Amino acid sequence: MLRASGQRRRRMCRKLPAATGRATAKDLDGLLLEDEGVHAAFRGIRDFVVFTDKRIIAVNDQGISGKKRDYTSLPYTKIQSFSVETAGTFDLDAELDLWFSGLGKVRLEFTSAVDIRWMSQFIAGRVL
């Protein structure tokens with residue numbers, strides 16, 4: 001779901017568990033560069049997000065049938081800052097907030113089963 005807030009846009013992917021490799025490869029057919037590898041993928045009911053060598057790809061199925069899709073490419077080079085929030089006892093989802101130059105804040109929410117600390121280390125390796 002993409003929401004506009006003034007000039008800032010925000011993507012929220014609700015509680016995404018790890019995606020299966022076959023489904024993700026089929027969904028990304030023709031989108032990846034030849035030298036671009038996938039490190040992790042997380043799927044919600046309809047939407048999913050993929051972390052590659054060069055960018056984050058957020059995919060949002062639109063409409064009732066889901067045949068129309070929005071592919072948002074978020075390059076690591078445009079990330080100005082980021083934060084992670086681990087899951088707690090009552091708040092069962094983990095969150096990754098990313099601030100992009102020219103775009104604003106992007107929030108991704110994951111289930112507590114996702115290793116959000118690994119994700120923080122992965123993003124830091126691309127940004128810092």
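**Around Phe122**

Phe122 is buried, with a relative accessible area of 7%. Keep in mind that this is a predicted model. Let's use Phe122 as our starting point and walk outwards.

Who sits beside it? Trp118 and Phe122 make a stacked aromatic pair, with 5.1 Å from centre to centre and 20° between the planes. These two are 4 residues apart in helix H2, so about one helical turn separates them. Unlike buried Phe122, Trp118 is partly exposed, at a relative accessible area of 32%.

Now for some wider context: the structure has 5 aromatic pairs. Take Tyr76 and Phe122: their ring centres are 6.0 Å apart and their planes meet at 80°, so this pair counts as edge-to-face. Here the partners come from distant parts of the chain, 46 residues apart: Tyr76 is in the loop between S6 and strand S7, while Phe122 is in helix H2. Both Tyr76 and Phe122 are buried. Zoom out a little and you'll find one aromatic cluster made of Phe42, Phe51, Tyr76, Phe110, Trp118 and Phe122.

Next, on to the strands. Strand S5 (residues 55-62) is mostly covered, with 7 of its 8 residues buried. On one side of the pairing list is strand S6 (residues 68-75), which runs antiparallel to S5 and is joined to it by 8 bridges; Ile57, for example, has Ser73 in S6 as its bridge partner. Strand S4 (residues 48-52) is also antiparallel to S5, with 4 bridges joining them. S4 and S5 form a hairpin, with 2 residues between them. Phe48 has Val59 in S5 as its bridge partner, and Arg43 lies over the face of Phe48, 4.5 Å from the ring centre.

Conventions. Residues numbered from 1 in each chain as written. Predicted model: local features only at pLDDT ≥ 70, side-chain atom pairs only at ≥ 80, totals over all residues. Heavy atoms only, no water. Buried < 20%, exposed > 50% of the residue type's maximum accessible area, 1.4 Å probe, protein only. Pairing = 2+ DSSP bridges. Phe/Tyr/Trp six-rings, centres within 6.5 Å; stacked < 30°, edge-to-face > 60°. Lys NZ or Arg CZ within 6 Å of the ring centre and 35° of its normal.
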